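Dear colleague,

I am handing over the structure we spoke about, and the notes on what was found in it follow directly below. Please keep the sequence and the 3D view open beside this email while you read.

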Amino acid sequence: MSGRRPIALVAVLAFALSACSSTADVPPPGTAPTSVPAPTSTSAPARKNIAYTKPGTKLKIGEKAVVPFTTGSSPVGAVGITATRIDRGTEAEVAQLNLGDDLPGLVPFYVQVTVSNETGDDFSAARVIGIRGLLKDGSKGRIGLSADSPKCHSDATGDFTAKGATYGTCTMELAVPGATVTGAKYDDGYAWLAKGTDYQANPIGWQP
C-alpha cells in the first residue's frame, strides 16, 4: 500500500473518477471534481453480459454489489463494491484531525470497503467514491468525509488492471453522540454509464 493522502474535508456525495493515484479522491472545497463527462446519448456503450446490481438493492455487510465503471479512456466495465465492516472510533480521534470547531464532539465511524475489478479493464489510477455510512434507520450521519488516518485510508490503485484485482478504501461518517452507524450506501450520479443503474435515485444499501 502507498500514497497516504491528506485529510479532505469534503462530503462524499457521488462517484468520481480521479486521474491521479497520489492525490485525494475528492477535490478540495471550491474546486470542480474530476469526472467523466456524460455522453450526448442517455447511456454509454456497455457490455450486455454484465449483470449489474439493481438500484435499491439491500445487501448484508460483506455482500458485493457490481456497478458500472470507466476511467473515460477504458470501456464501460464493472467493479465490485463490498462494505466489509464498520469500525467505531472515539471523539478524541476527531479532535486530533483538526477539522473545524463544529466537528469535535461527534463520533467517527469508519466504513471499510473492498473494491474489485470485475471485468479486467485498465482502471489504474481511478477510484470509486460515493459511499456513505448509514444509521440503523437508513439515514445518513452528520457528515461523511474522505480521510486518511491510521483507521481509515485507501490503498493505491496503480495496478488495478486485472480481473479480480482489489483495493481497500474507507470513508469516515461522523455521527452525534448516541447515534450508531451500522451500514453504508452507494449512490453515484452517473446513471448514463449503463441502463438501469440510477443509484442516485435508488442507492444500494448495506446493513448487518
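What volume does the largest pocket have? The model is a predicted one, and in it the volume of the largest pocket comes to about 180 Å³. Its lining is made up of 15 residues, and those that lie nearest the centre of the pocket are K58, L134, G205, W206 and Q207. Two strands, β1 (58-60) and β9 (204-207), each supply at least two residues of that lining, and β9 gives the largest share, with four residues. If you sort the lining residues of this pocket by character, you will find six nonpolar, five polar and four charged.

W206 also leads us to the interior, where it is one of the residues with the most contacts inside the largest nonpolar core, together with Y52, V79, I81, V128, Y186 and I204. This core has 31 residues, and the strands β2, β3 (77-88), β4, β8 (181-186) and β9 each supply at least two of them. Apart from it lies another core, of 12 residues, which includes L97, L106, A147 and C152. As general background, nonpolar side chains tend to be buried together in soluble globular proteins.

The aromatic rings deserve a separate look, and the structure holds five aromatic pairs. In one of them, the ring centres of F69 and F123 are 5.0 Å apart and the ring planes stand at 80°, and because an angle over 60 degrees counts as edge-to-face, this pair is given that name. The pair links distant parts of the chain, since F69 belongs to strand β2 (residues 64-69) while F123 sits in the loop between β4 (107-117) and β5 (131-135), 54 residues apart.

Are F69 and F123 buried or exposed? F69 has a relative accessibility of 1% and therefore counts as buried, and F123, with a relative accessible area of 0%, is buried as well. Ring pairs also join F69 and F123 with F160 and Y167 into a cluster.

Another pair is formed by Y190 and W192, whose ring centres are 6.0 Å apart and whose planes are at 70°, so this pair is edge-to-face too. Both Y190 and W192 are buried.

With best wishes

Conventions. Residues numbered from 1 in each chain as written. Heavy atoms only, no water. Phe/Tyr/Trp six-rings, centres within 6.5 Å; stacked < 30°, edge-to-face > 60°. Buried < 20%, exposed > 50% of the residue type's maximum accessible area, 1.4 Å probe, protein only. 1 Å grid on protein atoms, 1.4 Å probe; cavity = no way out; pocket = protein on both sides within 12 Å on 5 of 7 lines; lining within 4 Å. Points joined across faces, edges and corners; volume = space filled by probe spheres on them. Nonpolar A, V, L, I, M, F, W, Y, C, P; charged D, E, K, R; others polar. Core = buried A, V, L, I, M, F, W, Y, C linked by side-chain atoms within 4.5 Å.
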